[in-house]
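Biologist: I should like a close look at a single part of this model, taken residue by residue. Please set out what surrounds that part and how it is placed.

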Amino acid sequence: MFGTLGLLAAFIALITLRIKGVKFYYALFAASIIIGVSSGEGWIFLLEVLHETAISRSALNLVPSVVLISVLGLVLKETG
C-alpha cells in the first residue's frame, strides 16, 4: 500500500515539477527518490542499489549512448 502511494506521489511530483519548468532530469530524479524511499527498504539497500547501478557495465555503456544522442540531436537542430 505504501509503495503504491509512493508511486502515485512520484507521478504527481513529476508532473508538478515539469509544469513549474524544472528540467526533466531533475524532476525524474526527484520522482525516483520518492519511489525509492517509499519502497519500504532501508537506506543501506538504496545506497547499495545506487552503487551497483553506478558500476554496472550496462549503465556505463548507456551513458555515452545518451550523450551521443543528445549531441547528435543538438547538431541536427542547429543544422536543420
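The request below concerns one loop residue, and the reply then turns to its surroundings.

Biologist: Where is Ser 38 placed, is Ser 38 buried or exposed, and which residues does Ser 38 touch beyond those up to four places away in sequence?

Modeller: The model is a predicted one, and the description below should be read in that light. Ser 38 sits in the loop that lies between helix H2 (24-37) and helix H3 (43-55). Ser 38 counts as buried because its relative accessibility is 6%, and the limit for that class is under 20%. A polar atom of the Ser 38 side chain lies 3.2 Å from the backbone oxygen of Ile 35. Once residues up to four places away in sequence are set aside, Ser 38 touches Phe 2, Gly 3, Gly 6 and Leu 7.

The surroundings of Ser 38 also include a residue of helix H1. Leu 5 belongs to that helix, and the C-alpha atoms of Leu 5 and Ser 38 are 7.8 Å apart, although 33 residues separate the two along the chain. Leu 5 is partly exposed, because its relative accessible area is 46% and that class runs between 20% and 50%. Together with Met 1, Leu 8 and Ile 12, Leu 5 makes a nonpolar surface patch of about 460 Å². Leu 8, another member of this patch, is likewise found in helix H1, which spans residues 2-19.

On the side of helix H2, the residue to consider is Val 37, which has its place in that helix. Val 37 is partly exposed, with a relative accessible area of 39%. Leaving aside neighbours within four places in sequence, Val 37 is in contact with Phe 2, Trp 43 and Leu 46. Phe 2 therefore appears in the contacts of Ser 38 and in those of Val 37, by the criterion of heavy atoms within 4.5 Å. Gly 3, which Ser 38 touches, has its C-alpha atom 8.9 Å from that of Val 37, with the two positions 34 residues apart along the chain.

One further feature may be added for context. A search of the whole structure finds one aromatic pair. Tyr 25 and Tyr 26 form this pair, which is tilted, with 4.7 Å from centre to centre and 55 degrees between the planes.

Notes
Residues numbered from 1 in each chain as written. Predicted model: local features only at pLDDT ≥ 70, side-chain atom pairs only at ≥ 80, totals over all residues. Heavy atoms only, no water. Patch = residues over 30% accessible without salt bridge, like charges linked within 9 Å, V, L, I, M, F, W, Y side chains within 5 Å. Areas by Shrake-Rupley, 256 points an atom, 1.4 Å probe, with all protein chains shown as cover. Salt bridge = Lys/Arg side-chain N within 4 Å of Asp/Glu carboxyl O. Helix = DSSP H or I, 4+ residues; strand = E, 2+ residues; numbered from the N terminus. Buried < 20%, exposed > 50% of the residue type's maximum accessible area, 1.4 Å probe, protein only. Polar contact = N/O pair within 3.5 Å; in protein donor to acceptor, adjacent residues only side chain to side chain. Phe/Tyr/Trp six-rings, centres within 6.5 Å; stacked < 30°, edge-to-face > 60°.
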